[in-house]
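This report examines one helix, the sheet it packs with, and the charged pairs found in the same model. The sequence and structure are shown first.

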Amino acid sequence: MAEESDLEKTEPASPQRLEKAREEGDVARSRELATFVLLGTAVAGLWLTADSLGATLRGALAQGLHFDRATAFDPSHMLARAGLMGQQALLALAPLFGMMVVAAVAAPLMLGGWLLSAKALAPKFSKLDPVAGVGRMFSAQALSELFKALAKSLLIGGVAWLVIMGNVDEVSALMAQSERAALPQMIVLVAHNCALIASALFLVALVDVPYQLWSYHRKLRMSREDLRQEHKESEGDPHVKAQIRRQQQQMARRRMMSEVPKADIVVTNPTHFAVALKYVDNDMRAPRVVAKGSDLMAARIREIARENNVAILEAPPLTRALFKHTRLGDEIPTGLYTAVAEVLAWVYQLKRWQSEGGDAPRTPVDLPIPESLEYSPKAAA
């Protein structure tokens, strides 16, 4: 039972799932909202352009009803006049059409935003399957869309019938007026009636938008197994990541160990810690830590140093301070300049003694370590 419940899609869609759906052209959309925006824009356009549109249509109507002998007996004159009337009507309607184009482009911003996806345009031959098509026709989504369409038709049709029946007298009165007065009044009347019908469509959109958002997010819900699999794909398999970290650590150790033979000195604790230092005059401001380690790593550093004749000095306080206060590749702290300078001077004297002979240099002891840089095992723990 636990496994079955774990596979249920009860979890909300993750940001990665939403982004993937968007890339595939799947976003929340409400056709009712887009229709309302277009119809509302058309109504507003009619209100704003009623005077100019009425004057233009009145002129076109008067010109169309005017006949002379040349027009009546020459079809080319009739075609030219019809073309001119069409141009005038298009020019008069151009602002209204422009407003509707802007509304059509801006409507998607209200829900889902603009979306350009090549995947959405790719052909899907699965949609040609008649069995799947019949299944989609009788699916819950199709039935809900059918119910919504019927409810919308009844609501808008009822409002339209009430509006039209309530303005029968005004429409009849237009026939008794001159075209100069009737056309602008007719446009205002149409805009007023369309506004009332659009208000009904606004109620439909007000219900449809939350439903579309709920349906969209419900469709993209994920199971806990989906979330775990997505986490693995995005963050990486923990076992693979651990293996990669181990390989990276091994590579870093190999690089570090390759620097030990180039070091000037290896200071030790003597057994728990080991730190290798290198200084190149005129190239480094201060000696740098080229290798460091504890326990087994420290033993390996000492072993490589002996194999390559790198000087080793037991200086527990200095070694502990360097181990705690530096990282690989760091310059030594300024507080340790004096102590490290004594150690490097001993190294140079040791190399001269080994090559030229004479008195052996004195091994440095009691190196000065500031209290702020002293290593305390209890503090480290």
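In this predicted model, helix α16 buries Ala-339, Val-340, Val-343, Leu-344, Trp-346, Val-347 and Leu-350. These residues lie on the same side of α16, because the arc they cover around the axis is only 155°. On the face turned away from that buried side, α16 carries the exposed residues Arg-352, Ser-355 and Glu-356. The cover over the buried residues of α16 includes the strands β1 (265–268), β2 (273–278) and β4 (311–314), together with helix α15 (316–325).

The length of α16 can be checked against its residue count. The helix comprises 20 residues, 337–356, which at 1.5 Å a residue should span 28 Å; the C-alpha atoms at its ends are 28 Å apart, so expectation and model agree. Just after α16, Gly-357 adopts a positive phi of about 85°.

**The sheet and its helices**

The strands that help to cover α16 belong to an open sheet of 4 strands, ordered β3-β2-β1-β4 and mixed in its pairing. The edge positions are held by β3 (288–294) and β4, each of which has a single partner strand, so that one side of each lacks a neighbour in the sheet. On average, neighbouring strands of this sheet are turned by 20° against each other, direction ignored. Strands β1 and β4 run parallel and are joined by 4 bridges. Within this pairing, Val-267 has Leu-313 of β4 as its bridge partner.

Helix α14 (residues 296–307) also packs on the sheet, where it touches β1, β2, β3 and β4. The direction of α14 makes about 125° with that of β3. Helix α15 lies across β1, β2, β3 and β4 as well, and runs at about 80° to β2. Helix α15 is thus named both among the elements covering the buried residues of α16 and as a helix lying across the sheet strands.

**Salt bridges**

Side chains of opposite charge can pair when their charged atoms come close. Over the whole structure, a search finds 4 salt bridges; the table lists three pairs, including their N to O distances.

| Acidic residue | Basic residue | N to O distance |
|---|---|---|
| Glu-331 | Arg-285 | 3.3 Å |
| Glu-303 | Arg-300 | 3.3 Å |
| Asp-330 | Arg-327 | 3.7 Å |

The pair of Glu-331 and Arg-285 links distant parts of the chain, 46 residues apart. Glu-331 lies in the loop between α15 and α16, whereas Arg-285 lies in the loop between β2 and β3. Glu-331 is partly exposed, at a relative accessible area of 22%, while Arg-285 counts as exposed at 73% relative accessibility.

How far apart along helix α14 are Glu-303 and Arg-300? They are 3 residues apart, and therefore separated by about one helical turn. Glu-303 is partly exposed, with 37% relative accessible area, and Arg-300 is likewise partly exposed, with a value of 37%.

In the pair formed by Asp-330 and Arg-327, Asp-330 counts as partly exposed because its relative accessibility is 25%, which lies between the limits of 20% and 50%. Arg-327 is exposed, since its relative accessible area is 63%, a value over 50%.

How values were computed
Residues numbered from 1 in each chain as written. Predicted model: local features only at pLDDT ≥ 70, side-chain atom pairs only at ≥ 80, totals over all residues. Heavy atoms only, no water. Helix = DSSP H or I, 4+ residues; strand = E, 2+ residues; numbered from the N terminus. Expected span 1.5 Å × (residues − 1). Buried < 20%, exposed > 50% of the residue type's maximum accessible area, 1.4 Å probe, protein only. Arc of directions from axis to C-beta. Contact = heavy atoms within 4.5 Å. Pairing = 2+ DSSP bridges. Axes fitted to C-alpha atoms, helices over the stretch in contact; angles between N-to-C directions. Salt bridge = Lys/Arg side-chain N within 4 Å of Asp/Glu carboxyl O.
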